[in-house]
Amino acid sequence: MPPPRKTLPLAPKALYARRVLLVVGTIRLPARNLAAARPVMKRMAEASRAEEGCVEYGYAEDVFDPGLIHVKELWVDRGALDRHCAAPHLAEWRATWAALGIGDRDLRVYEVGEPRAL
């Protein structure tokens with residue numbers, strides 16, 4: 001029997017009284033570099049989650065396309081996202097890209113309102 005699935009807590013409803021920013025997209029690296037990339041991505045995610053204004057930040061490996069990493073971020077506003085983009089840990093993360101073989105990066109930002117269950 002698999003262990004219980006960990007779920008991230010939902011953001012408080014008050015957060016959605018205004019629009020928030022959702023960043024989604026992908027990055028790609030050679031599948032052979034995934035083991036080396038995981039601890040680097042973990043440090044990046046943990047540092048980002050600790051930032052003021054970060055509601056959610058995560059990476060997920062595509063189960064059908066080895067080396068394709070899905071990115072999902074949720075920020076309270078543009079100021080929080082801009083501070084994140086200027087954070088030292090983001091520069092450190094980007095400095096590892098060449099060694100990890102990260103080439104393709106496709107991230108998009110969307111303004112979203114209150115989520116609804118499907």
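This report walks through the fold, two of the helices, a few buried residues and one pocket of the structure above.

The model is predicted, so local features are described only at pLDDT of at least 70 and side-chain atom pairs only at pLDDT 80 or more, while totals for chains, interfaces and linings use all residues. Residues are numbered from 1 along each chain as its sequence is written, and side-chain values use heavy atoms, with hydrogens and water left out.

## The overall fold

Let us start with the whole protein. It has four helices and four strands; these are DSSP runs numbered from the N terminus, with helices being H or I runs of at least four residues and strands E runs of at least two. Along the sequence, the elements come in the pattern β-α-β-β-α-α-α-β.

Of the 118 residues in the protein, 36% are buried. Here, buried means under 20% relative accessible area, exposed means over 50%, and partly exposed is in between, using a 1.4 Å probe on protein chains only. Among the contacts with a separation of 6 or more, 72% join residues 24 or more positions apart, where a contact means heavy atoms within 4.5 Å.

## Helix H2

Helix H2 spans residues 78-85, and its buried residues are Ala 80, Leu 81 and His 84. They sit on the same side of H2 because they cover an arc of only 95° around the axis; the arc is taken from the directions from the helix axis to the C-beta atoms. What do the buried residues of H2 pack against? Their partners are strand S1 (20-28), helix H1 (34-49), strand S2 (54-61), strand S3 (68-75), helix H3 (88-95) and strand S4 (105-112).

At the start of H2, a side-chain oxygen of Asp 77 comes to within 3.2 Å of the backbone nitrogen of Gly 79. Further into H2, Ala 80 has a relative accessible area of 0% and is therefore buried. Leaving aside neighbours within four places in sequence, Ala 80 is in contact with Glu 52, Gly 53 and Trp 75.

## Helix H3

In H3, the buried residues are His 89, Leu 90 and Trp 93. These cover an arc of only 105° around the axis, which puts them on the same side of H3. The face turned away from that buried side carries the exposed residues Pro 88, Glu 92 and Ala 95. The buried residues of H3 pack against S1, H1, S2, H2 and helix H4 (97-100).

Two residues of H3 deserve a look of their own. The side chain of His 89 makes a polar contact with the side chain of Ser 48 at 3.5 Å. A polar contact is a pair of N or O atoms within 3.5 Å; within protein, one must be able to donate a hydrogen and the other to accept it, and residues adjacent in sequence count only if both atoms are side-chain atoms. Beyond its neighbours within four places in sequence, His 89 is in contact with Met 44, Ala 47, Ser 48, Glu 51 and His 84.

Trp 93 touches Ile 27, Val 40, Met 41, Met 44, Tyr 59, Leu 100 and Ile 102, not counting residues up to four places away in sequence. One of these partners, Met 41, lies in helix H1. Under the same kind of count, Met 41 touches Tyr 59, Ile 69 and Trp 93.

In the loop between S1 and H1, Asn 33 is buried, with a relative accessible area of 17%. Leaving aside neighbours within four places in sequence, Asn 33 is in contact with Ala 99, Leu 100 and Gly 101.

## Pairs brought together by the fold

The table lists C-alpha to C-alpha distances for three pairs.

| Pair | Separation in sequence | C-alpha distance |
|---|---|---|
| Ala 80 and Glu 51 | 29 residues | 8.2 Å |
| Met 41 and Tyr 59 | 18 residues | 7.6 Å |
| Trp 93 and Met 44 | 49 residues | 6.5 Å |

## The second largest pocket

The second largest pocket is lined by 19 residues, and those nearest its centre are Val 23, Glu 73, Cys 85, Arg 105 and Leu 107. S1, S2, S3, H2, H3 and S4 each supply at least two residues of this lining.

Definitions and conventions:
1 Å grid on protein atoms, 1.4 Å probe; cavity = no way out; pocket = protein on both sides within 12 Å on 5 of 7 lines; lining within 4 Å.
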